[in-house]
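Biologist: I have a new structure open and I'd like to learn how to read its ligand site and its pockets. Could you walk me through them?

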Amino acid sequence: MLKKILVLPGDGIGPEITAQAVKVLRALRSHSGPEFEIEEALIGGAAVDAAGDPLPQETLAKARQADAVLLGAVGGPKWDALATKLRPERGLLRLRAGLDLFANLRPAKLYGELIDSSSLKPEVIEGLDLVIVRELTGDVYYGEPRGARTLAGGERQAFNTMVYRESEIDRIARVAFKLALQRRGRVCSIDKANVLEASQLWRQVVAEVACEFPGVELTHMYVDNAAMQLARRPTQFDVLLTPNLFGDILSDLAAMLTGSIGMLPSASVNQSGQGLYEPIHGSAPDIAGQNSANPLGTILSVAMMLHYSLGAPLMGERVERAVAGVLRQGVRTQDIAAPGESSAGTGEMGNAVANALGR
Ligand code: NAD
């Protein structure tokens, strides 16, 4: 069946890295598997410049019709002084809301060849392969009431509300349990149930959903302990299930365990399996246009896309194997090269992965 992919290059290094991911998709298409139709549209600062809106109507309409969206990155100093609603990042937030992408999947996997890039000791990090499943459309970021006011005595006060409905917890828990069934069968649910009512409901609902997944082992952990355990013994985790706020923080910690920000993919999916796939890093304006950005986070986002939105998990695994093979051969972009080691450009790395797919 024909699958529609919308590519949103965005700003900074976005166009360079998405071009490599498209190269990989085209190389896959020439072998076998589903037929792809690849289209491009504007988002972020590029869309502000061309259409006066960081998420033009046309882009959102195309995204709604696509099976999956691949995003490079948005933002940069050129647009930093714009009003909030015109900021490039606003376009991305509206896209996430417009597609109701409630589940964010962030894998943190260590490639053995890059073990020395981590700030942790090799024996602590060896074999790291976890996924954080973060709820993305609820919690304190969206809870009402929220605001700021000046109290009677003149002191300023600001407030947000941590709130979760049962149905919101239920649907994200199901994503985590289903994912665990395809992995090592373990879910660790993160909360702060010792002090927060919202976390007590979170824990109860997750435990109820767990009854429907007898093949998955569920444990619970307080978020402060989870932060400690991620630094102490991260290989104990398989799937970490988190509310929005705790996941925001823990996923950056987990990402950094692997060494380079340029290596890490992410997926945000909705109830019907449609998804937005993007590397976790930003638009890196400091290296934009220099052909030195690492495209592997974007290429691995394509692997996730094949897995979760395009119904082609075996092709996703092929892309992952090609990336591992290229790293084994010693191909390195600047960010993952050892000091003094020669490095490949963005385009060369893309070519190396595309060529490795044929082998
Ligand atoms: P950043 O992730 O863009 O860059 C941080 C550092 O990592 C920089 O030194 C950069 O050169 C390096 N880096 C990032 N990606 C790399 C890659 N693929 N290969 C090699 N090195 C890489 O974060 P920042 O500098 O804080 O933000 C820059 C802009 O990106 C800002 O406008 C910010 O708002 C935006 N941003 C966008 C997203 C997104 O589109 N999802 C996410 C975060 C930040």
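Biologist: Let's begin with the ligand. Which residues around the ligand come nearest?

Modeller: Keep in mind that this is a predicted model. To read a ligand site, list the residues around the ligand, then pick out the nearest. Here there are 20 residues around the ligand, and Val 74, Glu 89, Gly 282, Ala 284 and Asp 286 come nearest.

Biologist: And how does that shell divide by class?

Modeller: Nine of the shell residues are nonpolar, seven are polar and four are charged.

Biologist: What lies 2.9 Å from a polar backbone atom of Val 74?

Modeller: For a polar contact, look for N or O atoms within 3.5 Å of each other. At Val 74, the partner of that backbone atom is an oxygen atom of the ligand, 2.9 Å away. Gly 76 also uses its backbone: an N or O atom there is 3.0 Å from a ligand oxygen. With His 281 we turn to the side chain, where a polar atom sits 3.2 Å from a nitrogen atom of the ligand.

Biologist: How much of the ligand's accessible area does the protein cover?

Modeller: Take the ligand on its own, and it has 810 Å² of accessible area; the protein covers 67% of that.

Biologist: Now the pockets. How much space lies in the largest pocket?

Modeller: About 790 Å³. Next, ask what lines it. There are 33 lining residues, and Leu 92, Leu 93, Arg 96, Arg 134 and Leu 136 are the closest to the pocket's centre.

Biologist: Which element gives the most to that lining?

Modeller: That's α4, with seven residues. In the sequence, α4 runs over 88–98. Other elements that each supply at least two residues include β3 (68–73) and α9 (244–257). You can also ask about domains: domain 1 (1–106 + 263–359) and domain 2 (119–257) each give at least three residues to the lining of the largest pocket. By class, that lining has 15 nonpolar, nine polar and nine charged residues.

Biologist: What volume does the second largest pocket have?

Modeller: About 420 Å³. Its lining has 18 residues, and those closest to the centre are Pro 107, Lys 109, Arg 183, Tyr 308 and Glu 320. Here α10 gives the most, with five residues.

Biologist: How do the classes and domains look for that second lining?

Modeller: Eleven of the residues lining the second largest pocket are nonpolar, two are polar and five are charged. Domain 1 and domain 2 each provide at least three residues of the lining of the second largest pocket.

Note on methods: Residues numbered from 1 in each chain as written. Predicted model: local features only at pLDDT ≥ 70, side-chain atom pairs only at ≥ 80, totals over all residues. Heavy atoms only, no water. Near = heavy atom within 4 Å. Polar contact = N/O pair within 3.5 Å; in protein donor to acceptor, adjacent residues only side chain to side chain. Areas by Shrake-Rupley, 256 points an atom, 1.4 Å probe, with all protein chains shown as cover. Nonpolar A, V, L, I, M, F, W, Y, C, P; charged D, E, K, R; others polar. 1 Å grid on protein atoms, 1.4 Å probe; cavity = no way out; pocket = protein on both sides within 12 Å on 5 of 7 lines; lining within 4 Å. Points joined across faces, edges and corners; volume = space filled by probe spheres on them. Helix = DSSP H or I, 4+ residues; strand = E, 2+ residues; numbered from the N terminus. Domains from an automatic or database assignment.
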